Amino acid sequence: MNFDKWFNSQALWLKALLMLIPGVNWVTEILIRGSIALRTKDILHIVVFAVFIIFGWTAIIGIIDFIYLIVKGHLILGK
């Protein structure tokens with residue numbers, strides 16, 4: 001699964017659009033974080049993936065990730 005590589009290769013405006021649409025942002029983050037967790041098999045990424053499955057639907061996490069995306073160009077721990 002290389003969804004994170006595909007997402008990070010997209011234009012910033014498309015990544016921002018995917019993060020702004022309610023519901024789509026949660027699914028996008030789950031796919032990105034799941035892809036990173038499967039690829040790296042790092043315990044930190046696995047824990048972050050589990051946290052986003054449980055709490056990722058909350059608006060505050062999406063807002064924080066959106067701001068970080070605009071500033072850095074990728075999600076928190078998403079590279």
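**Exercise 1.** Is I46 buried, partly exposed or exposed?

*Solution.* The model is predicted: local features need pLDDT of at least 70, side-chain atom pairs count only at pLDDT 80 or more, and totals for chains, interfaces and linings use all residues. Residues are numbered from 1 along each chain as its sequence is written, and side-chain values use heavy atoms, with hydrogens and water left out.

Step 1. Buried means under 20% relative accessible area, exposed over 50%, and partly exposed in between (1.4 Å probe, protein chains only).
Step 2. The relative accessible area of I46 is 38%, so I46 is partly exposed.
Step 3. I46 lies in helix α4; helices (H or I, at least four residues) and strands (E, at least two) are DSSP runs, numbered from the N terminus.

**Exercise 2.** Find which elements give two or more residues to the nonpolar patch.

*Solution.*
Step 1. A patch takes residues with over 30% relative accessible area and no salt bridge, joining like charges within 9 Å and nonpolar side chains (Val, Leu, Ile, Met, Phe, Trp, Tyr) within 5 Å. A salt bridge is a side-chain nitrogen of Lys or Arg within 4 Å of a carboxyl oxygen of Asp or Glu.
Step 2. The patch is formed by I43, L44, I46, V47, V51, I53, I54, F55, I60, I64, I76 and L77, with about 1000 Å² of accessible area together (Shrake-Rupley method, 1.4 Å probe, only the protein chains shown counting as cover for residues).
Step 3. The elements are α4 (43–55) and α5 (59–72), and α4 gives the most, with 8 residues.
Step 4. V51, one of the patch residues, is in helix α4 and is partly exposed, at 36% relative accessible area.

**Exercise 3.** Classify the aromatic pair of F3 and W6.

*Solution.*
Step 1. Rings of Phe, Tyr and Trp (its six-membered ring) pair if their centres lie within 6.5 Å; planes under 30 degrees apart count as stacked, over 60 as edge-to-face and the rest as tilted.
Step 2. The centres of F3 and W6 are 5.3 Å apart and the planes make 35°, so the pair is tilted.
Step 3. Both residues lie in helix α1 (residues 3–9), 3 residues apart, about one turn of the helix.
Step 4. F3 is partly exposed at 22% relative accessible area, and W6 is partly exposed at 38%.

**Exercise 4.** Describe the secondary structure of the protein chain.

*Solution.*
Step 1. The chain has 5 helices and 0 strands.
Step 2. Along the sequence the pattern is α-α-α-α-α.
Step 3. Of its 79 residues, 34% count as buried.
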